[in-house]
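Q: Please take a close look at one part of this model, beginning with a single side chain and what lies around it. After that, please follow the ring and charge pairings elsewhere, with the values that support each one.

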Amino acid sequence: RSAHPIELGAEFIHGCPPQLLDVVRDARLLAYAVVGQRWRSRNGRLTRIHDFWKQLHKVMRHFAAKKADRSFAEFLADNPGGRSAADARRLAHLFVEGFHAADATRVSARWVAEGASPSEEPEARSMLRVADGYDLVPDWLARGFRDRVLMESIVELVEWEPGRVHLSVRRPGRPASESRSTITGRAAVITAPLGVLLADAGQPGRITFSPPLPLIEQTRARLAMGHVTRITILFRERWWTEKLRSAPRGASLETLSFLHGESGALTTWWSLHPMLTTALVGWAGGPAALRLSQSGDVEEHAISSVAANFGVTRRRVAAQVVQVFAHDWQHDPFARGAYSYGLVGGADWAKRLARPIDGTIWIAGEAASREGNTGTVHGAMASGQEAAQSVVRALE
């Protein structure tokens, strides 16, 4: 049993967003700062990273906003920073494909440079965790109208015309007479994940709009749904705090926060420090996550990746495993990935996605974050709040 909640989805509060910090305060939740040491693993050896964000900035600062947009991979191919920044470029590539869940050959360099990199913003680098679980945030937000929220209900069709919306809803597992219903209103805020909005006809979880929304088709060339595989392994002991041959003599991983590796299917690992738990969380983003999701035995890959990146034997890691937790978001029909990122030419498309359609349909969620906070809980919350306020003004 873990002394800390096991998160299968969102885990961090990024920066100091009032949308989330107000909930933490009002709901009297305990949130603690993510602190500790970052380590790098290369060729089976561990080294401390003393200046992670400075390393990234060596690369990010070379993006020229006046140049035509291109992919981040093309930007890196120009060797920004020169020979001395070779290691920083490798770190930047891992960061973009991991943290942003993006394909470096498709993600917009402008999108990364303008709104998605905290390398120049100290406040944006800070992170918090909700000690008793992130689910307490939506639980608090639902207070007072929980009985009006339909759970386990699938919207399959949105029929609309200016000033009127009809939602066709299916509720699996109910008697035939209760399994289907229609909800009618003057407007609708659609907060489905981008992967669901972009699902092709016939795919499970797809929402059909009648008439179709040209905006969604236009979005296909501007935004994409990123892929992430995260896996939490609960161990018997905090074995990584013991003396490791792969670490420098006399060094300790007692305060390990993140380990950035290059081996195996999951190259990023983190502990729940400063909580003294026996869990490690593994993370693969972008193309690596998609490959891992399609490979079959994720648990086997995770154990091997821990061993390779910490520089220990697989037997040592496997002997410590108590339980493994994971969820395949790529194949979840109601998510179809992790969160969005901007394609070449789509750096500002989130603002376009957030505009109301004929005063009747609003699209909200992290992909429609006007402030560039895609991929974050507070970006999704702010987008929803802005859409709700806009609906109220339109219907007054």
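A: Contact here means that heavy atoms lie within 4.5 Å. In this predicted model, and leaving aside neighbours within four places in sequence, I6 is in contact with T232 and F325. I6 is placed in the segment before β1 (12-14). The C-alpha atoms of I6 and Y134 are separated by 9.7 Å, although these two residues are 128 residues apart along the chain. I6 counts as partly exposed because its relative accessibility is 23%, whereas a buried residue would have to be under 20%.

The rings can be taken next. A search of the whole structure finds 14 aromatic pairs, and one of them joins F235 to W240 edge-to-face, with 6.1 Å centre to centre and 65° between the planes. F235 and W240 are both buried. W240 also pairs with W239, again edge-to-face, here at 5.8 Å centre to centre and with 85° between the planes; W239 is buried, as W240 is. W240 therefore has a ring partner in F235 and another in W239, and an angle over 60 degrees is what makes a pair edge-to-face.

Elsewhere, F12, F258, W270 and W283 form one aromatic cluster. F258 of that cluster also has a charge over its ring, since the charged end of R38 sits 4.5 Å from the ring centre. A comparable arrangement of charge and ring involves R222, which lies over the face of W349 at 4.5 Å from the ring centre.

On the surface, F145, V149 and M151 make a nonpolar patch of about 280 Å². F145 is found in the loop between α7 (136-141) and β6 (154-161). Why can F145 be partly exposed and take part in a patch? The relative accessible area of F145 is 37%, which makes this residue partly exposed, and a patch asks for over 30%.

Turning to charge pairs, a search of the whole structure finds 20 salt bridges. One of them is formed by R25 with D22, whose closest N and O atoms are 3.3 Å apart. R25 and D22 both belong to helix α1 (residues 18-26), where they are three residues apart, about one turn of the helix. The partners are not alike in exposure: R25 counts as exposed at 52% relative accessibility, while D22 is partly exposed with a relative accessible area of 33%; an exposed residue has to be over 50%.

A further salt bridge links R220 to E217, with the closest N and O atoms 3.1 Å apart. R220 is partly exposed, its relative accessible area being 28%, and E217 is partly exposed as well, at 49%. The side chains of R70 and D78 also meet in a salt bridge, at 2.5 Å from N to O. Beyond such pairs, R40, R42, D87, R90 and E262 are linked in a network of salt bridges.

To return to the starting point, I6 is in contact with T232 and F325 once its neighbours within four places are left aside, and this residue is partly exposed at 23% relative accessibility.

How values were computed: Residues are numbered from 1 along each chain as its sequence is written. This is a predicted model: local features need pLDDT of at least 70, side-chain atom pairs count only at pLDDT 80 or more; totals for chains, interfaces and linings use all residues. Side-chain values use heavy atoms; hydrogens and water are left out. Rings of Phe, Tyr and Trp (its six-membered ring) pair if their centres lie within 6.5 Å; planes under 30 degrees apart count as stacked, over 60 as edge-to-face and the rest as tilted. Buried means under 20% relative accessible area, exposed over 50%, partly exposed in between (1.4 Å probe, protein chains only). A charge sits over a ring if NZ of Lys or CZ of Arg is within 6 Å of the ring centre and within 35 degrees of the ring normal. Patches are made of residues with over 30% relative accessible area and no salt bridge: like charges are joined within 9 Å, nonpolar side chains (Val, Leu, Ile, Met, Phe, Trp, Tyr) within 5 Å. Accessible areas come from the Shrake-Rupley method with a 1.4 Å probe; for residues, only the protein chains shown count as cover. A salt bridge is a side-chain nitrogen of Lys or Arg within 4 Å of a carboxyl oxygen of Asp or Glu. Helices (H or I, at least four residues) and strands (E, at least two) are DSSP runs, numbered from the N terminus.
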